[in-house]
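I'm opening a fresh notebook page for this one. My plan is to go through it piece by piece and jot down what I look up.

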Amino acid sequence: MKNIDTLLKESKIIHFIGIGGAGMCPIAEILLSLGYTVTGSDNNDTETFRRIEKEGATVFLGQRASNISDDTQLVIYTNAILKGNEELEYAKANFPCFERAEILGALSRLFTNCIGVCGTHGKTTTSSMITQILMQAGLDPSAVIGGKLPLINAYGRYGHSQNFVCESCEFNNTFLHMNPDIAVILNIDEDHLDFFGNLDNIKKSFREFADKTVNTIIYNGDDKNTVDTLKGISGKKLISIGRNDNNEWVAKNVDVPGGFHSEYDIFHNDEFICHAVLSVPGEHNILNSLCAFVASYESGADIESILQGLKDFGGASRRFEKLGTYCGVTFADDYAHHPAEIKVTLEAAKKMGYNRVWAVHQPFTFTRTSILLNDFAEVLQIADKCVISAIMGSREVNTIGIKASDLSEKVPNSIQLDTFDEICEYVCNNVQNGDLVITLGCGDVYKVARMMCSKMKEREKQLNA
């Protein structure tokens, strides 16, 4: 069978199985804009499903073999589709089929300036920052992002330039299908150990991603795992960023006060360049934004436009996203699902001047919860109050016997409640004026955030009546 690059050049009609997925929709949108005829199906009638229909794709709700026309030349599917799916089985028997990561890799080679943003933490925020900067700088990028960017109210876009911002995820080595022109490596940490097994294997995959990069690698010079991984790399332009003076680009005079902003000075080879102001909280976003600054600068954006883009960027969806304040209680939602991510999020929250910080955490996958149990317990103690839901198993079956109560037993001032209804009732009945409640997790914990907001909003109406 021909490879994906050849088929993409030769095909005119492409079918997507799972077209409404957040990762599938922007790819389909880019291909539509490039002149392809796009069809697709999904089992869920979502906003993204209807969005791609409005863009011109022919879509089908429900997955059946009959959705795929005989004229189809290429089928793309998401790895979320289960084995035995009628439409996928028919496609594999009759058409060239490739997984989402493979078509994303092919797209990375279509553009002359593909910026692949990878790292265990911060990919979506940094990809979103770069996209917003390049858009506001008039460089009109295409983008595929892991979260919704408020500026475009979407997970990606098609731009009429050779700039392509692409979030590059290490899970299942999906980023190894890519060949970015500029790689941004934010950090390397232990995660997805159900797939990688150990840190050494994770570092090997990131090294391969770096080797596949065409021109430039922008990396976190303060992160030991990243520095170790890149030792001996040759034939690339290597640009280090960080807080330490041994880096090429350095963030100095960092000020992270309470509230949703921070600021710092940017130096290049010990020379002051400019002062950056951010509209997102947390020290972790200093390095995210510095990476975005350098990637945008290397892509041709002027410094004034970069600074304005950083200042205007208010965060990506589910990245310390402020949902509202009701009855004096502020609610926020964050995608953090790894101890390192939870740590920086809660540390940022604690500096924001609230009375108490509540962490409502949904553990995600049994293996991650089990392997990193003590790490989760340690960081969740940063919050003043902690509520832990049932573990969301996702793709896994609980063969380990791990329970959410195993985690809550290790976290003082915590309570374990299985259902969102129970959590909503408990939190809303125990919060006080001046508290911050932040939901944490990459599953569907955002639903309980909305439930709590709705309940407290109604309570506020009744109090003001």
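**Entry 1: a glutamate in a helix**

I started with Glu-29, which is found in helix 2. Before going on, a reminder to myself: this is a predicted model.

Is Glu-29 buried or exposed? I looked up its relative accessible area and got 8%. The cut-off for buried is under 20%, so Glu-29 counts as buried.

Next I checked what Glu-29 touches, leaving out residues up to four places away in sequence. The list is Arg-51, Ile-52, Glu-55, Gly-156 and Arg-157. I noted that Arg-51 and Ile-52 fall within helix 3, which spans residues 47-54, and that Gly-156 and Arg-157 belong to strand 8 (154-157).

**Entry 2: helix 2 against helix 5**

I stayed with helix 2 (residues 25-33) and looked at how it meets helix 5 (residues 100-108). Two packed helices are described by the angle between their axes and the distance between the axes. Here the axes come within 11 Å and cross at roughly 45 degrees. That makes helix 2 oblique to helix 5. I also wrote down the hand of the crossing, which is left-handed.

Which residues meet at this contact? From helix 2 I have Ile-27, Ile-30 and Leu-31, and from helix 5 I have Arg-100, Ile-103, Leu-104 and Leu-107. Sorted by class, that contact has six nonpolar residues, no polar ones and one charged one.

**Entry 3: the five-stranded sheet**

Then I turned to the sheets. One is an open sheet of five strands in the order 3-2-1-4-5, with parallel pairing. Its edge strands are strand 3 (58-61) and strand 5 (97-99), each pairing on one side only. The twist from one strand to the next averages 20 degrees.

I picked one pair to look at in detail. Strand 1 (residues 13-17) and strand 4 (residues 74-77) run parallel and are joined by four bridges. Phe-16 has Ile-76 in strand 4 as its bridge partner.

Two helices lie across strands here. Helix 3 lies across strand 2 (37-42) and strand 3, at about 150 degrees to strand 3. Helix 5 lies across strand 4 and strand 5, and its angle to strand 5 is about 85 degrees.

**Entry 4: the ten-stranded sheet**

How many strands does the other open sheet on my list have? I found 10, in the order 8-7-9-6-10-11-12-13-14-15, and the pairing is mixed. Strand 8 (154-157) and strand 15 (271-278) are the edge strands, each pairing on one side only. Neighbouring strands are turned by 20 degrees against each other on average, direction ignored.

For a sample pair I took strand 14 (residues 262-268) and strand 15, which run antiparallel and are joined by seven bridges. Ser-262 stands opposite Leu-278 in strand 15.

Helix 2 turned up again, packing on this sheet. Helix 2 touches strand 7 (142-149), strand 8 and strand 9 (163-167), and its direction makes about 150 degrees with that of strand 7. Helix 5 packs on the sheet as well, touching strand 6 (113-118), strand 7 and strand 9. The direction of helix 5 makes about 150 degrees with that of strand 9.

**Entry 5: strand 17 and its partners**

Strand 17 (329-334) was next. Six of its six residues are buried, so strand 17 is largely enclosed by the rest of the structure. In a regular strand the side chains alternate between the two faces of the sheet. I went through both faces: Val-329, Phe-331 and Asp-333 are buried on one side, and Thr-330, Ala-332 and Asp-334 are buried on the other.

Strand 16 (321-326) runs antiparallel to strand 17, with five bridges between them. Glu-321 stands opposite Asp-333. Strand 17 also pairs with strand 21 (residues 436-440), in the parallel sense and over five bridges. Thr-330 has Leu-436 in strand 21 as its bridge partner.

**Entry 6: two positive phi values**

Most residues other than glycine have a negative phi. I noted two that don't follow this. In the hairpin of strand 16 and strand 17, with two residues between the strands, Cys-327 has a positive phi of about 55 degrees. Cys-327 is partly exposed, at 23% relative accessible area.

Asn-413 has a positive phi too, near 60 degrees. Asn-413 sits in the loop between helix 15 (404-408) and strand 20 (414-416), and with a relative accessible area of 57% it is exposed.

Methods
Residues are numbered from 1 along each chain as its sequence is written. This is a predicted model: local features need pLDDT of at least 70, side-chain atom pairs count only at pLDDT 80 or more; totals for chains, interfaces and linings use all residues. Side-chain values use heavy atoms; hydrogens and water are left out. Buried means under 20% relative accessible area, exposed over 50%, partly exposed in between (1.4 Å probe, protein chains only). Axes are lines fitted to C-alpha atoms, for helices over the stretch in contact, and angles run from 0 to 180 degrees between N-to-C directions. Angles under 35 degrees count as roughly parallel, over 145 as roughly antiparallel, 65 to 115 as roughly perpendicular and the rest as oblique. A crossing is left-handed if the near helix is turned anticlockwise from the far one by less than a right angle, and right-handed if clockwise. Contact means heavy atoms within 4.5 Å. Ala, Val, Leu, Ile, Met, Phe, Trp, Tyr, Cys and Pro count as nonpolar, Asp, Glu, Lys and Arg as charged, and the others, Gly among them, as polar. Two strands pair if DSSP finds at least two bridges between them.
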